[in-house]
Amino acid sequence: MIEHMKRELGRPLPLETLARLAPFSPFYFHRVFKQATSMTPARFLAALRMAEARRLLLRSSLTVTTISAQVGYSSVGTFTTQFRRWVSLPPERFRQLSRQLAGVSVAALLPVIRGRAIVAGQGPRALMHLDTVDLPGLLLAVVAPHDGGRNEWWTAAPRPLPAALPATVPPGAHRARVLLLRPDRDATSALVDGAPDSFLIGDTELRVPAEVGDVRPDPRPTLTVPVRQVRITDPPLLSATPLRWLLGVSQAGWRGRAPVTAERRTLRTA
């Protein structure tokens with residue numbers, strides 16, 4: 001079903017059409033699809049369209065108008081609005097940013113990251129380790145409120161160091177996703193193309209305890225996250241935040257300046 005969605009991004013794909021292909025009732029298909037992907041069919045389809053648009057912006061010379069039509073939008077204005085909501089950048093700005101990072105290998109970024117502190121604020125909220133110690137690469141982690149809040153927080157670390165979540169992550173229940181980018185691949189292979197052989201992925205639940213006054217809970221949570229190959233049911237990664245962060249790191253390394261160490265952005269709903 002998801003492969004069919006990918007092949008037909010340029011055509012209308014209402015719930016009833018997808019359900020008939022299953023074949024299920026629309027109600028049952030909606031429920032089963034959300035259980036498998038964590039997203040409704042409509043949101044997953046929108047995410048696939050944005051993922052393909054990101055790839056075309058980086059890898060092709062097509063205009064934004066042409067790309068918007070290829071991924072199923074009849075109005076370039078609507079496409080641009082939706083792109084900004086999902087990616088947090090307008091299409092042309094994303095094209096500029098991703099092309100600046102294209103060709104930069106993960107291995108080239110590791111020495112710059114290794115020589116600098118990654119954690120923002122006064123100290124980490126939690127440390128995230130992988131369940132394997134023998135895989136090299138760059139570990140990226142993103143945390144978002146479990147209740148679907150509008151913020152997310154990113155951090156990074158070179159393997160085998162753990163990813164230290166920024167102090168700005170508030171107390172409460174959160175969802176955490178980690179990406180392990182292979183050192184022998186271009187960073188954009190994972191973060192734009194979504195090439196399955198360029199990264200591993202993992203998910204976990206995280207609860208950040210509340211502070212009492214100025215006293216931070218001790219010990220801080222230490223999580224071990226299992227990583228695996230990406231699956232077709234995994235929603236595509238659309239945020240431009242890791243690209244912006246890595247571009248800042250690469251430019252800081254070339255200029256001898258300290259990079260931005262963590263970034264928080266406001267999410268918008270589609």
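Is R59 buried, exposed or partly exposed? Select R59 and show its surface: at 40% relative accessibility, R59 counts as partly exposed. (Buried means under 20% relative accessible area, exposed over 50%, and partly exposed in between, with a 1.4 Å probe and protein chains only.)

Before moving on, some ground rules. You have a predicted model open, where local features need pLDDT of at least 70 and side-chain atom pairs count only at pLDDT 80 or more, while totals for chains, interfaces and linings use all residues. Residues are numbered from 1 along each chain as its sequence is written, and side-chain values use heavy atoms, with hydrogens and water left out.

**Stop 1: a salt bridge from R59**

Keep R59 and add D193. The two form a salt bridge, with the closest N and O atoms 2.6 Å apart. (A salt bridge here is a side-chain nitrogen of Lys or Arg within 4 Å of a carboxyl oxygen of Asp or Glu.) This pair links distant parts of the chain: R59 sits in helix α4 (residues 41-59), D193 in the loop between α9 (187-191) and β6, and they are 134 residues apart. (Helices, H or I with at least four residues, and strands, E with at least two, are DSSP runs numbered from the N terminus.) D193 counts as partly exposed, at 28% relative accessibility. The structure holds eight salt bridges, and a few others come up next.

**Stop 2: the network at D203**

Now select R177 and D203. Their side chains meet in a salt bridge at 2.7 Å, N to O. R177 lies in strand β5 and D203 in strand β6, so this pair ties together parts that are 26 residues apart in sequence. D203 is partly exposed, with a relative accessible area of 35%. Add R228: R228 forms a salt bridge with D203 too, the closest N and O atoms being 3.5 Å apart. R228 lies in the loop between β7 and α10 (241-255) and D203 in strand β6, so here the parts tied together are 25 residues apart in sequence. Bring in D234 as well, and you have one network of R177, D203, R228 and D234, joined by salt bridges that share partners.

**Stop 3: strands β6, β5, β2 and β3**

Switch to cartoon and colour 199-208, which is β6. Seven of the 10 residues of this strand are buried, so β6 is largely enclosed by the rest of the structure. How many bridges join β5 to β6? There are 10, and the two strands, β5 being residues 172-181, run antiparallel. (Two strands pair if DSSP finds at least two bridges between them.) To check the register, pick A173, whose bridge partner in β6 is R207.

Next, colour 138-145 for β2. Eight of the eight residues of β2 are buried, so this strand is largely enclosed by the rest of the structure. In a regular strand the side chains alternate between the two faces of the sheet. Both faces of β2 are covered: L138, L140, V142 and A144 are buried on one side, and L139, A141, V143 and P145 on the other. Eight bridges join β2 to β5, running antiparallel; zoom in on A144 to find R175 of β5 opposite. Six bridges join β2 to β3 (residues 151-158), again antiparallel, and V143 has W153 as its bridge partner in β3.

**Stop 4: a three-stranded sheet**

Select β1, β4 and β7. These three strands form an open sheet in the order β4-β1-β7, with mixed pairing. The edge strands are β4 (163-164) and β7 (222-225), each pairing on one side only. Two bridges join β1 (residues 127-130) to β4, and these strands run antiparallel. For a landmark, use M128, whose bridge partner in β4 is A163.

**Stop 5: helix α6 and the loop before**

Select 76-87 for α6. At 1.5 Å a residue its 12 residues should span 16 Å, and its end C-alpha atoms are 16 Å apart, which agrees. (The expected span is 1.5 Å times one less than the number of residues.) Show side chains for F79, Q82, F83, W86 and V87, which are buried. Look down the axis: the buried residues of α6 fall within an arc of 110 degrees, so they line one face of the helix. (The arc is that of the directions from the helix axis to the C-beta atoms.)

Then step to G72, in the loop between α5 (64-70) and α6. G72 counts as partly exposed at 32% relative accessibility. Add A46 too: G72 and A46 are 26 residues apart in sequence and 9.3 Å apart in space, C-alpha to C-alpha.
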